[in-house]
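Okay, thanks for coming, everyone. I'll put the structure up, and then we'll walk through it together.

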Amino acid sequence: MILPLITVPDPILRQKARPVKKVSKRIRTLAQNMLETMYDAEGVGLAAPQVGVAERVIVIDVGQGPLVLINPKLVSKSGQERDVEGCLSIPGRRAYVTRAAKVKVTGLNLEGKKIELEGEGILARALQHEIEHLDGILFIDHLAEEREEKR
Ligand code: NI
């Protein structure tokens, strides 16, 4: 089922999302609907707050197949890469953002099993962008920071 996308300035996008306690049928359905919504909108990632659910679930597909992560956590990062980014919750806005080039992330899969994965390039970027959504951070927040640093 395709869900309505929440866009700025909806306050749910600024909330800290709750951890998922149990990977239930409800969470599996949510993840499936998030994937359908992401593909329909031609996005490469989506976080649950973007469909109005303040829980820690993200989905990503950067062309390597669907990835669902529950309670994702960034455990390490390295390098730096600057590339263009957009967000389904901020229609029409794209900008360069500097992020770690490589990340290691842990989380639960749809079976509730702990998984660890490493990503680089666009996958690393999508993981960082989506995990930040769960803490109420949007990519445009980095733009102000980068302007500050240049001063
Ligand atoms: Ni986004």
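So, which residues coordinate the nickel ion? Before I answer, keep in mind that this is a predicted model. The nickel ion is held by Cys87 through SG, and by His129 and His133, each through NE2. Those distances run from 2.0 to 2.3 Å. If you go looking in the sequence, the donor spacing reads C-x41-H-x3-H. Now, Cys87 sits in the loop between strand E4 (81-86) and strand E5 (94-99), while His129 belongs to helix H2 (residues 122-133), so this pair ties together parts that are 42 residues apart in sequence.

Let's stay with His129 for a moment. Is His129 buried or exposed? His129 has 7% relative accessibility, so it counts as buried. Cys87 is buried too. And what does His129 touch, leaving aside residues up to four places away in sequence? You'll find Glu85, Gly86, Cys87, Arg99 and Phe139 there.

Right, over to the strands. Take strand E2 (residues 57-60) and strand E3 (residues 67-78): they pair antiparallel, over 4 bridges. One spot to click on is Val57, whose bridge partner in E3 is Ile70. E2 and E3 make a hairpin with 6 residues between them, and in that turn Gly63 has a positive phi of about 105°.

E3 also pairs with strand E6 (residues 102-108). How many bridges join E3 to E6? There are 6, and these two strands run antiparallel as well. To find your way in, look for Ser78, which stands opposite Lys102 in E6.

Notes
Residues are numbered from 1 along each chain as its sequence is written. This is a predicted model: local features need pLDDT of at least 70, side-chain atom pairs count only at pLDDT 80 or more; totals for chains, interfaces and linings use all residues. Side-chain values use heavy atoms; hydrogens and water are left out. Donors are N, O and S atoms within 2.8 Å of the metal (3.2 Å for Na, K and Ca); water is not among the atoms, so sites may look incomplete. Buried means under 20% relative accessible area, exposed over 50%, partly exposed in between (1.4 Å probe, protein chains only). Contact means heavy atoms within 4.5 Å. Two strands pair if DSSP finds at least two bridges between them.
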